[in-house]
Each structure stands twice: as C-alpha cells, then as structure tokens.
Amino acid sequence: MAFPERFSNLPEYAFPRLRKLLDVHAPGGPVVHMTIGEPRHPFPAWVGDVIADSLEGIGRYPANDGTPELQTAIAAWIARRYSVNVSADRQILPLNGTREGLFNACLALCPETKRGKPPIVLMPNPFYQVYAVAALAVGAEPLYVPATAATGDLPDYASLPPEILERVSIAYLCSPANPQGAVADAGWWRDLIALAERYDFQIFADECYSELYRDTPPPGALEIATQIGAHPERVVIFHSLSKRSNMPGLRSGFAAGGPDSIARMKQLRNYAGAPLPLPLQAVATRAWGDETHVEENRALYRAKYAIADQILGDVPGYSPPQAGFFLWLPVADGEAAAVKLWRETGVRVLPGAYLAREVDGATPGADRLRVAMVAPQDEMRDGLTRLRSCLYGE
C-alpha cells in the first residue's frame, strides 16, 4: 500500500506528545489542568432555549453558506467592532470552527506556483499547527519565522530576503498571538499589509482571541486594510465563538474577506465542507448580536490577568499578556520544567517547544511554558501559586 509523503515529517501533535511526557509519572498533588485552551467560563444561559426553539432544523440540511440571518449578524458585528462594512452574502462565510477555515482557505486560495516555483506560506514560530498542515496539503513550502521576545513576540516577515518574499503567496498571523498574548498594533498591520501589497501575497489573519484583552480592543487586519485602501482581496480574517462566547463545542466561526476569495472558499466548501446544523447557526446568530455576555467574559479574564500579575509579576522575564488567555513563562528547559511541575505539584502545563518547529538548530519556545488561564479563579490561583513555588521559589 502506497501512502503520501506530504505529511510524513509532521511531528507528533502537542497533546499526545504531552501525555507521553507526563503520564509515566504520578502527579505530585491534586491535579490542575492548565494545558488546553478550552474556555471554562459559563456560556450564555439562553443557548439552550435558542436550540430548543430551532430544533426542527435538525430535520433539514443546513445551508452551506450559512443562513441569511447568520450572515447578516456577522456583517453587523464586523461593522460595530471594526467600522468596516462588508456584504453579508458575498464577503462572509460561516464556518464549522475556524480551524476548518484556516485550513481550507489555503486549499482554495493558494496558487500552485509563484514566480515559476512552489509558493511559500509564512507562519510565526511558534504557531497554531493547522497553518503548517494547510501549506503542506497544497504543496507549498511552509516557512517558520521566529516570533520571540526579540521580535516583540510577532514574526518579522519584513526581514526576509526579497527572493523569499517574491515567492510568498500567503502569510498567516495570529493576533492576539497564541501562545504569547502579543497584539499587532495598527502600525504593525499597516507595515505587513504594505509588504503584502508590494510582493502580492494574501494575509490570513487568525483573530480568534480578539475579544479577550486587558484595556484596548486589538485592531483587526481587515480594519486596517480598509483604512489604507489595500487591495480588497488582500486580507481574509477568521473569528470564532469559542473564546469570545465560551462556546468551543459549538464549533462556530467565520471567515470574511474580498468577494472573490470568499466565492472560491464557498465553491470548495460546496464539495468538501460540513456546514453547522441549523439550530447551532441560530445560536451563533444570537451570539454575534449580543455583547453583554462578551463583556462579562472579558471581565473574568481581566481578573485572571490581575491574579497572574500578582503571583508572577516579579519573576524575571515574566511578560504580562496583552490579550488572550495564555501565559508564556520563561524557564531553562520547557520539557524538564513541565515534568518537574507535574511530579512535584500535580499542575499540568505545556512545553512551549510543542507549539514550534526547529529551524537552524533552534526551537523558539524551548525555554518557555504555555499556561492556559481557563480554570475557575480559585483553581487557577492555586495552580499558579504551586507553579511559582516549584519553578521560581517563594
């Protein structure tokens, strides 16, 4: 039996790899899970009622492009949040989770060649692993660009040589960043969009953490692209209800961008997509139209930022996250620190290297731990207190 080679060099996924690292040891205390970024705040109380009221939709095939009501709700949210007006039916594609969109957008939009050679897909390093798999799936060359403290925890795409940039077809960027919590400000977006205009590549802006922030709402890629008059197909944004609304199990998000890009994504989805069931589209419609539960959720995370700052603020190298719900903590060796923490305290965290690729002998994040601040406040405080004592001293 012959199998494809395109995915043969993928490393083991982070969480099976973590289980192999930690589960050979007994936990050294009551277990606190701080590995997976699965929101654990309550989702809105009205969700069950909306599903019940829409239950007859289970007996119908859902619309591949999303219901008109959902498309309209998303377009209205984009207008409120970013002051950008988009066509509900031509510039928006509801998704069954943004991982689907981040993957399939590359399939739908990445050309087979650029400048007569295989295209290059840029991505930060560390990064959300679907970016690399999407690039490999279309025969592109993934290029892992360090996103470390030296570059403000965002990738310095502009520093790449012109011969590389001329082959770039797509650049992925997550802002607020997972795992570092860094935010691309308006100037950063302007510079990246100008670079994309110069070298004619698309930007895929993964903005799933955009509504979890300390003080100032992070700017969006489509917002800045519109302000500076960039090519209408230059940017595709991806958003989710998983973090914003505490609904990871709803598997609901959207992509928005230029009409030609969205048309190509819709065409691919006609053949290979899995639209959200109609009752869940009804929940998503209400969620995008309601900010009350989002503000309540944001307040809970702001309280968690304060807890983390209180416990870890004087640790050398600690960088308070600007947004999102991860801590990116400095250690000598991520794997060794994760094992020590688990064996001595029962607190479970993720080595930063598990989210990155080795390039030129270096793995960004090898000296970091990613810690998810998703547990209830008392549990999170306990976990961080144990972590502080075990890894940094009293």
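**Exercise 1. Surface and overall form**

Task: State how much area the chain exposes and what share carbon and sulfur atoms supply. Then judge the overall form.

Solution.
- Step 1. The chain exposes about 16,700 Å². Carbon and sulfur atoms supply 52% of that area.
- Step 2. This is a predicted model, so every value here is computed from it.
- Step 3. Take the radius of gyration. A compact globule of 394 residues would have a value near 21 Å. The chain has 21 Å, so the two agree.
- Step 4. Check the extents. The C-alpha trace spans about 55 × 55 × 50 Å along its principal axes.
- Step 5. Look inside. Of the 394 residues, 56% count as buried.
- Step 6. Consider contacts with a separation of 6 or more. Residues 24 or more positions apart account for 77% of them.
- Step 7. Add the secondary structure: 14 helices and 12 strands.

**Exercise 2. Charges**

Task: Find how far apart the mean positions of the positive and negative charges are.

Solution.
- Step 1. Count the charges: 37 positive and 44 negative.
- Step 2. Compare their mean positions. These are 2 Å apart.

**Exercise 3. Aromatic pairs**

Task: Describe the pair Trp77 and Phe254, then the pair Tyr131 and Tyr172.

Solution.
- Step 1. The structure holds 16 aromatic pairs.
- Step 2. Trp77 and Phe254 form one of them, with centres 6.2 Å apart and 70 degrees between the planes. Planes over 60 degrees apart count as edge-to-face, and this pair is edge-to-face.
- Step 3. Place the two residues. Trp77 sits in helix α3 (residues 68-82) and Phe254 in strand β8. They are 177 residues apart, and the pair links distant parts of the chain.
- Step 4. Check burial; the cut-off is under 20% relative accessible area. Trp77 has 1%, so it is buried. Phe254 has 0%, so it is buried too.
- Step 5. Turn to Tyr131 and Tyr172. Their centres are 4.4 Å apart, with 10 degrees between the planes, and the pair is stacked.
- Step 6. Tyr131 lies in helix α5 (residues 130-137), and Tyr172 lies in strand β5 (residues 168-174). The pair therefore ties together parts that are 41 residues apart in sequence.
- Step 7. Tyr131 is buried at 0% relative accessible area. Tyr172 is buried, also with 0%.
- Step 8. Widen the view. Ring pairs link Tyr131 and Tyr172 into a cluster with Phe127, Tyr128, Tyr144, Phe204 and Phe238.

**Exercise 4. One loop, three residues**

Task: Decide whether Ser245, Leu250 and Arg251 are buried or partly exposed.

Solution.
- Step 1. Ser245 is in the loop between α9 (241-244) and β8 (253-257). Leu250 is found between α9 and β8, and Arg251 has its place in the loop between α9 and β8.
- Step 2. Ser245 has a relative accessible area of 0%, so it is buried. Beyond its sequence neighbours, Ser245 touches Phe43, Pro44, Ala287, His293 and Val294.
- Step 3. Leu250 has 9%, so it is buried. Leaving aside neighbours within four places, Leu250 contacts Leu241, Leu276, Leu280, Val283 and Ala284.
- Step 4. Take one of these partners. Leu280 is 30 residues from Leu250 along the chain, and their C-alpha atoms are separated by 6.8 Å.
- Step 5. Arg251 has 32%, so it is partly exposed.

**Exercise 5. A strand residue**

Task: Locate Ala372 and list what it contacts.

Solution.
- Step 1. Ala372 belongs to strand β12 (residues 368-372).
- Step 2. At 1% relative accessible area, Ala372 is buried.
- Step 3. Setting aside neighbours within four places, Ala372 contacts Met34, Thr35, Ile36, Gly37, Phe325 and Phe326.
- Step 4. Contrast this with Thr285. Ala372 and Thr285 are 87 residues apart in sequence, and their C-alpha atoms are 28 Å apart in space.

**Exercise 6. Backbone exceptions**

Task: Find the cis peptide bonds at Pro176 and Pro179, and the positive phi values of Asp153 and Arg251.

Solution.
- Step 1. Start from the rule. Most residues other than glycine have a negative phi, and most peptide bonds are trans.
- Step 2. Ser175 and Pro176 are joined by a cis peptide bond, with omega about -5 degrees. Asn178 and Pro179 are also joined by one, with omega about 20 degrees.
- Step 3. Pro176 lies in the loop between β5 and α7 (186-199). Pro179 lies in the loop between β5 and α7.
- Step 4. Asp153 has a positive phi near 60 degrees. Asp153 is in the loop between β4 (141-146) and α6 (162-165). With 16% relative accessible area, Asp153 is buried.
- Step 5. Arg251 has a positive phi of about 55 degrees.

Conventions. Residues are numbered from 1 along each chain as its sequence is written. This is a predicted model: local features need pLDDT of at least 70, side-chain atom pairs count only at pLDDT 80 or more; totals for chains, interfaces and linings use all residues. Side-chain values use heavy atoms; hydrogens and water are left out. Helices (H or I, at least four residues) and strands (E, at least two) are DSSP runs, numbered from the N terminus. The radius of gyration is taken over C-alpha atoms; the globule rule is 2.2 Å times the number of residues to the power 0.38. Buried means under 20% relative accessible area, exposed over 50%, partly exposed in between (1.4 Å probe, protein chains only). Contact means heavy atoms within 4.5 Å. Accessible areas come from the Shrake-Rupley method with a 1.4 Å probe; for residues, only the protein chains shown count as cover. Lys and Arg count as positive and Asp and Glu as negative; His and the chain ends are not counted. The place of a charge is taken as NZ of Lys, CZ of Arg, CG of Asp or CD of Glu. Rings of Phe, Tyr and Trp (its six-membered ring) pair if their centres lie within 6.5 Å; planes under 30 degrees apart count as stacked, over 60 as edge-to-face and the rest as tilted.
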